[in-house]
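Biologist: Could you walk me through this model? I'd like to begin with the cysteines.

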Amino acid sequence: MAGQYTISYIADIVKGKLREGVVSGSIEYLVTDSRKLIQANGSLFFALDGLRRSGERYVDELYNRGVKNFVVSTLFNASAYPDANFIWVGNVLEALQLLTARHRSHFHIPVIGITGSNGKTIVKEWLNQLIENRYNIVRSPKSYNSQIGVPLSVWEMNATHTLGIFEAGISQPGEMQQLASVIQPTIGVLTRIGDAHSENFSSTEQKTEEKLKLFTSVEWMVAHGDNILVRTLIEKKGLPCIFWGKSGGNQVRVTAIQKQVAYTLIELAMGGGSGKKENTTIPKSSLVVELPFTDDASIENAIACCCVLWKLGYSNEMIAERMCLLKPVEMRLEMKKGINNCSVINDSYIADISSLRIALDFLQQQQQHKKHTVILSDFFETGIAEENLYIEISNALRQKNINRFIGIGARLQQYQSLFRAVCNETELYTSTEAFLQHFHSSRFQNETILVKGARVFGFERISALFEHKAHQTVLEVNLSAVVHNLRQYQQLLQPHTRVMAMVKAFSYGSGSFEIANVLQFCKIDYLAVAYTDEGVELRKAGISLPIMVMNPEPESFGLLTEYHLEPEIFSLPILFALKDFLKSQGILHYPVHLKIDTGMHRLGFEMAEIPALADMLSDSTFFRVQSVFSHLAGSEDPELDYFTHQQVQAYMEACRILQQALPYHFLRHIANSAAIVRCPPFHFDMVRLGIGLYGVNTSGVARVDLREAATLKTTVAQIKKVPAGDTVGYSRKGKIEKDSIIATIRIGYADGYRRVFSNGVGKVLVRGQLAPVTGNIAMDMTMIDVTGIPGVQEGDEVIIFGESLSITKLAEWAQTIPYEIMTGISQRVQRVYFEE
């Protein structure tokens with residue numbers, strides 16, 4: 001791919017100072033995340049600074065793993081690595097962008113650059129589906145559209161590619177110019193401009209102006225001409241644009257949209273009005289396309305794709321033929337509970353080397369099972385020489401220590417020696433049907449299984465065999481949102497302030513080890529659970545982070561020490577009991593956490609007990625105090641700020657007494673999710689992040705941009721027309737006052753949808769509209785009134801809570817708190833975990 005890039009050539013490109021070691025050779029791989037190293041030989045690590053950690057702290061780890069090429073800041077001391085190559089630069093990110101911009105300039109092929117607020121990834125993937133029969137395409141994997149993701153995507157370009165498709169996303173002014181210099185698009189597509197990432201822009205006009213910088217040098221672009229702001233700015237800049245829309249001044253005019261049950265007919269008049277500089281005379285023609293989607297966003301994105309195909313020279317007949325073949329774009333990696341205590345990651349629609357690396361990274365995060373299995377199909381049209389492609393795939397499997405490999409397809413069979421050398425357990429099948437014929441569920445036990453294949457192999461049939469059968473009510477947990485929320489809180493902290501994540505109560509109902517896995521991957525500092533058995537399960541699932549147990553019981557001390565769990569000590573009796581146990585086992589300096597009662601009056605040492613506690617600890621060799629903490633009673637309430645300050649004063653006094661008695665320092669923490677936002681002076685050495693991780697902001701202060709991570713959803717089981725005067729549900733509580741349409745949905749109080757929501761108190765979302773609960777909620781079913789909501793059908797998705805219907809709103813309706821709603825979701829509700 002990039003064999004001509006020697007370390008000295010790269011140093012010249014990035015304008016850096018080079019210190020050559022004894023290692024030579026060319027650079028093939030660019031690495032920005034130590035956790036995603038593919039192959040040490042030929043890798044160049046860019047030590048980018050993160051929100052809280054310098055990338056240079058990972059140089060030693062990567063060096064010991066065999067990496068010998070580094071780009072670092074001018075202040076880095078490389079004397080400990082005499083045989084490695086180092087390039088010192090003023091700005092590491094700028095160096096990455098300079099290198100990849102030079103790489104892009106070597107290729108004289110059409111490159112489509114896509115930006116906008118919504119629909120970038122969909123348009124990119126659909127264009128790939130539509131034109132891959134004519135071009136060998138290189139494109140951004142998933143949503144790699146950031147200041148780092150774009151350069152890594154462009155680096156994948158090689159001489160076999162005949163067209164590129166890259167998306168560019170920005171979140172603040174000044175970013176697009178850098179991305180434009182890397183992508184260097186010859187063709188542009190502007191998708192819908194919306195509210196996403198608007199917080200750093202003064203207006204929609206400023207954001208649109210910034211996005212249009214991507215298209216400064218394009219030969220032509222596509223945009224929605226009915227958006228007056230967009231059209232005005234494009235014409236003002238003189239950009240050569242093909243406008244589409246319903247008005248007469250567009251080159252591509254939408255003359256009719258007919259939505260059916262499962263598809264949409266779109267009629268387009270091709271040719272006519274002209275955009276600035278785009279005056280090519282093309283005869284008018286009529287195009288009718290059948291789109292296998294009915295939502296407005298898909299219709300807009302599809303029309304933009306039609307415009308691109310038209311300008312690329314596709315005939316109307318070919319455009320119509322290609323458009324009806326469009327498939328949904330899987331925007332996320334999804335993990336579900338599988339048969340025989342397995343976890344199943346489904347990525348059964350796309351097969352290319354970039355998305356394989358992303359999927360393998362996600363697989364590696366999963367530590368709940370020691371055994372990892374990969375089921376993979378042949379790869380097609382990757383632009384990489386076939387033998388090199390399968391060598392690269394086998395190397396990726398070796399790097400991630402895959403235990404079992406199942407390959408499906410003739411090409412994988414041809415190169416089976418590569419995979420047998422990587423995995424002792426390797427199975428090859430000529431087709432999906434051959435695998436299905438030999439499938440025995442008993443052969444898959446206690447493992448995490450990645451199912452990834454090209455669309456033509458129909459791997460959804462394989463995924464269905466592995467997935468645990470459950471009823472249609474599911475709690476979806478967006479792990480990307482959890483990471484986003486963590487970063488939002490971390491940006492409020494000083495670099496030295498640690499984070500303890502609360503994963504008690506099944507991670508507030510979201511799933512303990514799944515959440516703990518992603519937090520461990522993010523290198524969080526501490527976890528906290530309520531009881532010892534929760535900590536034991538995390539250890540069994542491969543979680544190695546320090547874990548504090550908040551409610552230890554003397555009967556569990558053996559498990560505590562066996563699994564290296566750290567107990568919260570909240571009373572002298574518990575302290576003495578643990579001391580006796582440690583003494584009997586000959587254990588010294590065991591880590592403990594001291595809980596101080598400063599006013600909550602739940603658990604903790606009273607202030608009057610602190611001097612005696614300090615004396616006892618000063619003479620004991622059985623304990624090492626890891627932290628001293630307390631719990632704020634009302635940190636979210638401004639009216640209780642006086643009491644919060646009283647608590648903190650008492651806490652600081654307790655810490656002073658204990659610190660005088662101990663010859664070492666301990667961590668101090670008192671701030672919960674709300675206090676992280678509202679009370680920066682009380683962050684101390686560590687903060688405890690709880691429900692805020694899941695997107696619930698209890699502080700009442702908009703200093704964090706949180707995303708709700710959990711979505712509870714179900715489906716419509718049956719629809720009935722109920723006449724006025726009839727009743728619905730138990731005890732005839734649902735009185736129908738006018739002829740109504742009542743839908744029964746597959747959720748009840750046994751799933752955690754509480755009876756308090758009965759009789760109109762609660763509402764759910766159906767087809768984007770609120771539908772009130774009718775009658776009493778039953779154990780397994782709930783009736784809702786969908787009168788006035790057009791098109792509701794049996795099988796439709798119903799949102800109980802999520803981003804579009806906040807769990808905070810449900811808590812208001814129920815006159816409770818979001819914690820109670822979250823933790824009340826039954827374990828019979830299947831959890832589905834995904835990354836965007």
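Modeller: At 3% relative accessibility, Cys 342 is buried, where buried means under 20% relative accessible area, exposed over 50% and partly exposed in between, with a 1.4 Å probe and protein chains only. This is a predicted model, in which local features need pLDDT of at least 70 and side-chain atom pairs count only at pLDDT 80 or more, while totals for chains, interfaces and linings use all residues. Residues are numbered from 1 along each chain as its sequence is written, and side-chain values use heavy atoms, with hydrogens and water left out.

Biologist: How many disulfides are there in the whole structure?

Modeller: Zero turn up in a search of the whole structure, a disulfide being a pair of cysteine sulfur atoms within 2.5 Å. Cys 342 is in none, as the nearest cysteine sulfur, in Cys 423, is 16 Å away.

Biologist: And why is there no bond between Cys 306 and Cys 307?

Modeller: Their sulfurs are too far apart for a bond, because the sulfur of Cys 307, the closest cysteine sulfur to that of Cys 306, is 6.9 Å from it. Cys 306 is also buried, with a relative accessible area of 1%.

Biologist: Switching topic, what share of the 836 residues is buried?

Modeller: Buried residues account for 58% of the 836 in the protein.

Biologist: What about contacts between residues at least 6 apart in sequence?

Modeller: Of those contacts, 67% join residues at least 24 apart, with contact meaning heavy atoms within 4.5 Å.

Biologist: And the overall dimensions?

Modeller: The C-alpha trace spans about 90 × 90 × 60 Å along its principal axes.
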